[in-house]
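Me: I am new to this structure and would love a close look at just one part of it. Could you walk me through the sheet and what surrounds it?

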Amino acid sequence: FFWWKHLENAPPDSILGIKKIYNMDKNPNKVDLIVGAYRDANGKPVILPSVLEAEKMIEKKYTDKEYAPISGLPQFNQLSAQLLLGPDSSVLCNQLNATSQTVSGSGALYVSGKFMAQFFPGNTCIYLPQPTWANHEAIFKFVGLEVAWYRYCDPKVSKLDFEGLMDDINKIPEKSIAFFQGCAHNPTGVDPSQEQWCEISQLVKKRQLFPVFDVAYQGFASGDFYNDAFSFRTFLQDGHKVAILQSYSKSMGLYGERTGSCTFIADCKSEADTILTQMEEIIRKTYSSPPIHGSRIVVEILADENLKYMWFQEVKMMSERLKAMRNALKENLEKAGSKHNWDHIVHQIGMFCLSKLTPKQVKKLTDDYHIYLPADGRISVAGLTTKNVQYVANAIHEVTK
Ligand code: PMP
């Protein structure tokens with residue numbers, strides 16, 4: 001009997017599929033602007049010095065590879081919640097947070113999504129910004145939530161559509177779920193201003209929506225962890241009970257270590273304890289318990305003031321290199337003689353630049369110049385270096401003439 005003969009290929013991942021084709025390209029000038037992973041000035045992946053230091057400490061300290069508890073290392077959860085909410089947060093003082101380690105940000109999306117699909121007492125429809133990272137829609141549908149959209153940013157204009165956003169959020173049925181990216185929005189590089197976040201918070205309150213924040217780029221937007229926590233800390237100050245999904249992939253460069261967390265804020269400590277037991281139930285049935293190496297690294301760094309300071313400086317340095325590459329790309333486009341307005345490249349923030357290139361232009365960049373990026377024109381700015389930025393700018397100029 002042929003058990004799997006009926007099976008057809010699943011569609012390739014829109015981003016990782018391109019990376020596969022890039023890997024097969026033998027052209028020495030090829031440029032990878034695909035995946036949102038940091039690269040140094042030579043285009044190479046980095047292990048942060050603070051992480052290397054933490055790994056040395058781990059080697060000395062631990063003599064086991066025992067299982068972590070279902071919800072991860074307690075100290076990791078405590079320190080991660082502190083990084084998000086601030087050390088003096090009243091939520092933490094009153095133990096209102098149900099925080100569990102997860103298999104990175106994607107795992108946090110899954111666990112929170114499953115939890116909401118099962119237990120959210122309102123309308124189990126989650127409203128996402130249009131556009132957003134493709135896996136948001138995929139994971140939330142996969143776990144059984146309905147997905148709908150609110151206007152966020154028109155890629156052709158590359159500006160926050162604040163009116164559209166407020167208008168759409170105002171129409172979301174009461175007691176639904178509103179999803180936000182905490183900072184450095186992927187793929188647009190466009191965030192609301194602090195004043196706009198305050199207005200959004202008030203509206204979300206008025207509509208009685210449950211706010212969920214995906215925080216995959218804390219530190220990458222402004223180079224500062226405190227500034228980049230403005231959105232969800234404002235919501236908390238305004239009295240919202242939020243969920244926060246955290247990833248250390250980008251901020252600590254722990255991509256393959258799969259390190260992140262999922263936090264729900266409760267009304268009282270006993271509610272937080274109950275939420276945690278239900279998150280544990282989901283995790284137990286999904287992957288039993290999380291990996292330990294990444295969370296041990298996070299603990300070593302966050303529990304040591306010197307290492308933590310070192311890490312903050314490293315994140316600042318990464319965000320500054322990204323900013324410098326944005327400036328260099330714009331300058332080189334102008335030097336190449338492009339008559340288009342490329343201001344959006346430097347106005348956008350974080351790891352990505354939604355370039356306004358059309359799918360046809362992107363295809364030409366790849367076919368003629370071996371420059372790879374997703375069809376929506378999203379450039380992972382980390383793939384630019386002082387060595388390739390002129391080549392990329394000239395090629396973009398050629399395809400946009
Ligand atoms: N959220 C956003 C907005 C992202 O861009 C990503 C990674 N591309 C993630 C979550 C999840 O990443 P990870 O699973 O590596 O933490």
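Reply: Happy to! Let's begin with one pair of residues: glutamine 130 has arginine 151, in strand 4, as its bridge partner. Keep in mind as we go that this is a predicted model.

That pair belongs to a longer match. Strand 3, which covers residues 125–130, pairs with strand 4 in the parallel sense, and six bridges join the two.

Now step back to the whole sheet. Seven strands make up an open sheet with mixed pairing, and their order across it is 2-10-9-8-7-3-4. The two edges are strand 2 (97–103) and strand 4 (146–151), each of which pairs on one side only. From one strand to its neighbour, the sheet turns by 25° on average, if direction is ignored.

Helices lie against this sheet. One of them is helix 7, made of residues 162–171, which packs on the sheet and touches both strand 4 and strand 7 (177–181). The direction of helix 7 makes about 140° with that of strand 4. Helix 10 (residues 269–286) lies across strand 2 and strand 10 (259–265), and it runs at about 15° to strand 2.

Finally, a look at the ligand. It is surrounded by 13 residues, and the closest are Ser104, Gly105, Ser106, Ser247 and Ser249. Helix 5, spanning residues 104–119, gives the most to this shell, with three residues. By character, the shell has nine polar residues, three nonpolar ones and one charged residue.

Technical notes:
Residues are numbered from 1 along each chain as its sequence is written. This is a predicted model: local features need pLDDT of at least 70, side-chain atom pairs count only at pLDDT 80 or more; totals for chains, interfaces and linings use all residues. A residue is near a molecule or strand if its C-beta atom, placed from the backbone, lies within 6 Å of it. Helices (H or I, at least four residues) and strands (E, at least two) are DSSP runs, numbered from the N terminus. Ala, Val, Leu, Ile, Met, Phe, Trp, Tyr, Cys and Pro count as nonpolar, Asp, Glu, Lys and Arg as charged, and the others, Gly among them, as polar. Two strands pair if DSSP finds at least two bridges between them. Axes are lines fitted to C-alpha atoms, for helices over the stretch in contact, and angles run from 0 to 180 degrees between N-to-C directions. Two residues are in contact if their C-beta atoms, placed from the backbone, lie within 7 Å.
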